[in-house]
Amino acid sequence: MQNLTNKYRPCVGLMIVNKHGNIFTGQRLGYASEAWQMPQGGIEKGEEPLIAAFRELEEETSITKGEVELLAISKTWLTYELPRDLVPKLWNGLFKGQTQKWYLMRFIGQDTNINLSTETPEFSSWRWSSRKQLIDSIVPFKRKLYISILDEFGAYL
């Protein structure tokens, strides 16, 4: 196995909530397991994290900046590590995990505006999840991070 790097990929994570306090989750495309997650993605070189958050949101869900209200930003960067067997399969093996700045946004658009058939689709389906559904359906290696961000943003939910 190749030598593992100590680097974490810089990313953003997005917790999108509707007026009922439910959380947008998408089922990952092309995974054998039922891997549901919140939108997330890499920060491009020189890109501000908030700009990356709006870009990733639209790229993954077709939700535009005008269809959300920014409610909160995580106080710190949250980190998770990939299982060792996944490291060589993702991002050319350059990163052992991700460090993420999280954004909480309220969706003020219409559900019919959400479209997963984007230029590079990442999700096969989506739903509005309760906190319990979110934690129960996330891959185990991200569970601790998801619990942390739910705790931090809990007052808004």
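A charge is said to sit over a ring if NZ of Lys or CZ of Arg is within 6 Å of the ring centre and within 35 degrees of the ring normal. With that in mind, please look at R127, which lies over the face of W36 at 3.9 Å from the ring centre. I should say at once that the structure above is a predicted model.

Let me turn to the aromatic rings. A pair of aromatic rings is described by the distance of the centres and the angle of the planes. How many aromatic pairs does the model contain? The count comes to seven. I shall discuss two of these.

The first example joins F24 and W128. Their ring centres are 6.0 Å apart and their planes stand at 80°, so the pair is edge-to-face, the term used for angles over 60 degrees. F24 belongs to strand β2, residues 23–28, while W128 belongs to strand β8, residues 123–129. The pair thus links distant parts of the chain, 104 residues apart. Is F24 buried or exposed? F24 has a relative accessibility of 0% and counts as buried. W128, at 17%, counts as buried as well, because the limit for that word is under 20%. Both residues also take part in an aromatic cluster, which consists of F24, F107, F123, W126 and W128.

The second example joins Y80 and F141. Here the centres are 5.7 Å apart and the planes meet at 45°, and the pair is classed as tilted. Y80 is in strand β6, residues 78–81, and F141 is in helix α3, residues 140–153. Along the chain these two residues are 61 residues apart. Y80 is buried, with a relative accessible area of 5%, whereas F141 is partly exposed, with 25%.

Next, I would ask you to find strand β7, residues 97–107. This strand is mostly covered, as 10 of its 11 residues are buried. Which strands pair with β7? Strand β1, residues 8–17, pairs with β7 in the parallel sense over 10 bridges. Strand β5, residues 68–73, runs antiparallel to β7 and is joined to it by five bridges. Strand β6 also runs antiparallel to β7, with four bridges between them.

For each of these pairings there is a residue by which you may find your way. From β1, P10 stands opposite T99 in β7. In the pairing with β5, A72 stands opposite L104 of β7. In the pairing with β6, E81 stands opposite G97 of β7. As a general remark, in a regular strand the side chains alternate between the two faces of the sheet.

P10 deserves a further word. This residue is found in strand β1 and is partly exposed, with a relative accessible area of 36%. The C-alpha atoms of P10 and T99 are separated by 5.2 Å, although the two residues are 89 residues apart along the chain. Leaving aside neighbours within four places in sequence, P10 is in contact with G42, I43 and T99.

We may now return to R127, the residue with which I began. The side chain of S129 makes a polar contact with the side chain of R127, at 3.1 Å. S129 is found in strand β8 and counts as buried, at 0% relative accessibility. Not counting residues up to four places away in sequence, S129 touches N22, I23, T25 and L134.

My last topic is charge. Side chains of opposite charge can pair when their charged atoms come close. The structure holds six salt bridges.

One of them is formed by R55 and E56, whose closest N and O atoms are 2.9 Å apart. Both R55 and E56 are buried. R55 also meets E59 in a salt bridge, at 3.3 Å from N to O. Where do E59 and R55 lie with respect to each other? They are separated by about one helical turn, because they are four residues apart in helix α1, residues 49–61. R55 has a relative accessible area of 18%, while E59 is partly exposed, with 38%.

Another salt bridge joins K96 and E81, with the closest N and O atoms 3.6 Å apart. K96 lies in the loop between β6 and β7 and E81 in strand β6, so this pair ties together parts that are 15 residues apart in sequence. K96 is buried, with a relative accessible area of 18%, and E81 is partly exposed, with 43%. Finally, salt bridges that share partners join E44, E47, R55, E56 and E59 into one network.

Technical notes:
Residues numbered from 1 in each chain as written. Predicted model: local features only at pLDDT ≥ 70, side-chain atom pairs only at ≥ 80, totals over all residues. Heavy atoms only, no water. Phe/Tyr/Trp six-rings, centres within 6.5 Å; stacked < 30°, edge-to-face > 60°. Buried < 20%, exposed > 50% of the residue type's maximum accessible area, 1.4 Å probe, protein only. Pairing = 2+ DSSP bridges. Polar contact = N/O pair within 3.5 Å; in protein donor to acceptor, adjacent residues only side chain to side chain. Contact = heavy atoms within 4.5 Å. Salt bridge = Lys/Arg side-chain N within 4 Å of Asp/Glu carboxyl O.
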